[in-house]
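New to this one? Here's a quick briefing to read alongside the sequence and the 3D view.

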Amino acid sequence: MITIVTALALIVGVGSALAYKELNGPSDHSPALAKTFKSTEEIVKDSKVIIKGNVPKEYRKETVGEIVFFVYDVQVDKVYSNLTDQEIVEGETVEVYRLVGVNTNEGKDMVNIVSPEYQALEQGEYLLFLNGQYDDNLKKLILIPNTPNQLFKTDKSRSLSSKQFTTQEFENVTDVDALPSIAEDALLEAIEKVK
C-alpha cells in the first residue's frame, strides 16, 4: 500500500532521481534534481508548516517502498505557521521525515537525493519548512522538509544583542548557493504576504 509518505516524497523529486540514475548512472550531484528556492517568500508559499525546532543527533532510518528517510524526533520551539488540520504545540515533539535517497536494484544501490555529507543532520536548532498531513494508516502526522536542498540552522555567530543584527538569523547548511540565509523578520514578513 502506498502511503502519504510515498506521495509526498515523489513531490520532491524521486521520479527525477530515478530518471537521472537510469540515464546517467549514479552521482553525488543528485540534490540538483530537487527543488531549490531563491527567496524566503517562495519557500514560505511551498510550506504547510514552518517551525523552529531542536533536531537531535540521533535518528532512525526508515524505508517506505523504495524511499529512504532519516526520521528525527524534533522538539518544537516555535510554530510560525501551521496550515494542516493537526495541532502542533510548542514544547512537544514531532517526527520529521528527511528524504535522503531511493533504494534501487532490490535495495543493493541507493540513489542519493541528498549528498552523503548532508544526509545526517548536525544536532541543533533549525528553521524547518515542512509539508505533510495526517496519515490514517500510520495514525500520525507525517512532516517532510519541502526540499532536501535547503535546511536552515540557527547562526550562533550572529548575536541577538549585536547592533548589526536585531533578529535571529538562520544559515543554509547545505552547499546550495541560492538563499544562503533567512532572517526571522524577513520570514515573518513573507508569512504575512502569503496569507
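In this predicted model, the side chain of E42 comes within reach of the backbone nitrogen of K38, at 3.1 Å. That's a handy place to begin, so to speak, with E42 sitting in helix α3, which covers residues 40-45. After that, we'll turn to the nonpolar cores.

**Around E42**
- E42 is partly exposed, because its relative accessible area is 37%, and partly exposed covers the range from 20% to 50%.
- Leaving out residues up to four places away in sequence, E42 touches T36 and F37.
- E42 and A190 are 148 residues apart along the sequence, yet their C-alpha atoms are 8.6 Å apart in space.

**The largest nonpolar core**
- Nonpolar side chains tend to be buried together in soluble globular proteins.
- Here, the largest nonpolar core is made up of 19 residues.
- The residues with the most contacts inside this core are I51, V74, I88, V94, L128, L130 and L143.
- Five strands each supply at least two residues of this core: β1 (49-55), β3 (67-82), β4 (93-104), β6 (124-135) and β7 (140-145).
- β3 gives the most to this core, chipping in five residues.

**A look at I88, and a second core**
- I88 touches V49, V76, V79, N82, V94, L141 and L143, again leaving out residues up to four places away in sequence.
- Apart from the largest core lies another one, with 14 residues.
- Among the members of that other core are F37, L127, F129 and I191.
- F37 is also one of the residues that E42 touches.

Note on methods: Residues numbered from 1 in each chain as written. Predicted model: local features only at pLDDT ≥ 70, side-chain atom pairs only at ≥ 80, totals over all residues. Heavy atoms only, no water. Core = buried A, V, L, I, M, F, W, Y, C linked by side-chain atoms within 4.5 Å. Buried < 20%, exposed > 50% of the residue type's maximum accessible area, 1.4 Å probe, protein only. Helix = DSSP H or I, 4+ residues; strand = E, 2+ residues; numbered from the N terminus. Contact = heavy atoms within 4.5 Å. Polar contact = N/O pair within 3.5 Å; in protein donor to acceptor, adjacent residues only side chain to side chain.
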